[in-house]
Amino acid sequence: MCWGANSVFAKLAVGNISPMLLVSLRWLGAVLLLLVFARNILVRDWGYLRNHLLPLFIMGALGFATFNALFYVAAHTTTALNIGIIQGSIPVFVMAGMFALYRSPVSILQIIGVAVTIIGVCMVASAGNFERLFTLRIQPGDYFMIAACFLYAGYAIALKRFSGVSSLSLFTVIASAALLTSIPMSYAEFVLGALQWPTLQGWVIVALVTLLPSFLAQICFIQGVAAIGPGRAGVFVNLVPVFAAILAVSILHEPFRIYHGMALVLVIGGIGLSERGKKVSAH
């Protein structure tokens, strides 16, 4: 739900703050929050974390900062329809990566579950008219989104290596890497003359983006990966466009259509099939 809200925040951010500056400020806020709540835990786990700083830095640089940058840039160069479809590829990337790297078993029921969730995502993205999917034009932003989804899937898979450490201390290091990586992005935006300092509404968006998708959602996702693994946790990403549609109705007052409800049923049903398929493969 928090990640779905980020789509709404991205729309509201246009004209109120530039994309790269939003990335930098969201991770600055997240790091400050983490230093308040996770300082003691970070000190406790530092002996372990300092031996893995390079992979953690790469995870933050690619899975957080670069993913966010590509997402916000893509939103300016492609349609919401295309973005909704492409985001549904994250679980596919995660499942394929888990099989390639760890030979994680994949059952037929899991494959069907992922397929059903993707159908639900496509239903949201196409506004219930699947014929629109065949008339889409490939935009530069589409390639940005494909790269972004690939990077986030890699981040989700890499989390498997760190399931034995506190999610708060782990997230603090990764978020710090994202902040450091985002600073050159904002500087480049400034040099190019594209940097826009936040308006009053922009500051509100920064606060909400920091608290929800940058802080709460990431901690929940790390905990979810630790509890059920990246393959199963990745399937839940298909809920993002569904929640985005619901929040758009509630916040932006966009009309709620029958296909939104049908898509929600398909996505939740697909997740249920994937969960059941995981249990079957485990046996």
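## Tour: aromatic rings, then empty space

Select Y152 first: this tyrosine is buried, with a relative accessible area of 4%. Keep in mind that the model is predicted.

**Stop 1: a tyrosine pair.** Add Y155. Y155 is buried too, at 2% relative accessibility. Measure between the ring centres. Y152 and Y155 form a tilted aromatic pair, 5.1 Å centre to centre with 55° between the planes. Both sit in helix α8, residues 140-158. They are three residues apart there, so about one helical turn separates them.

**Stop 2: a pair across the sequence.** Now select W27 and F171. How are these two rings arranged? The pair is edge-to-face, with 6.2 Å between the centres and 75° between the planes. Colour the helices next. W27 belongs to α2 (residues 19-37) and F171 to α9 (residues 167-191). The two residues are 144 apart in sequence, so the pair ties together distant parts of the chain. Check accessibility. W27 counts as buried because its relative accessibility is 0%. F171 is buried as well, also at 0%.

**Stop 3: the ring cluster.** Widen the selection to W3, W27, F64, F67, F71, Y72, Y152, Y155, F171 and F221. Ring pairs link these residues into a cluster. Both pairs from the earlier stops have their residues in this cluster. Across the structure, the count comes to 15 aromatic pairs.

**Stop 4: the largest cavity.** Switch to a view of empty space. The structure holds two cavities of 30 Å³ or more. The largest has a volume of about 180 Å³. Select W3, N6, F67, Q87 and V240. Of the 14 lining residues, these five lie nearest the cavity centre. Helices α1 (2-13), α4 (53-77) and α10 (200-228) each give two or more residues to the lining. By class, the lining has eight nonpolar residues, five polar and one charged. W3 and F67 are also members of the ring cluster.

**Stop 5: the second largest pocket.** Move to M1, C2, W3, A217 and F236. These lie nearest the centre of the second largest pocket, which is lined by 13 residues. The elements giving two or more residues to this lining are α1, α10 and α12 (239-251). Which element gives the largest share? That is α10, with four residues. The pocket volume is about 270 Å³. Colour the lining by class: 13 residues are nonpolar, with no polar and no charged ones.

**Last selection: W3.** Show W3 with both linings. W3 is among the residues nearest the centre of the largest cavity, and among those nearest the centre of the second largest pocket.

Technical notes: Residues numbered from 1 in each chain as written. Predicted model: local features only at pLDDT ≥ 70, side-chain atom pairs only at ≥ 80, totals over all residues. Heavy atoms only, no water. 1 Å grid on protein atoms, 1.4 Å probe; cavity = no way out; pocket = protein on both sides within 12 Å on 5 of 7 lines; lining within 4 Å. Points joined across faces, edges and corners; volume = space filled by probe spheres on them. Nonpolar A, V, L, I, M, F, W, Y, C, P; charged D, E, K, R; others polar. Phe/Tyr/Trp six-rings, centres within 6.5 Å; stacked < 30°, edge-to-face > 60°. Buried < 20%, exposed > 50% of the residue type's maximum accessible area, 1.4 Å probe, protein only.
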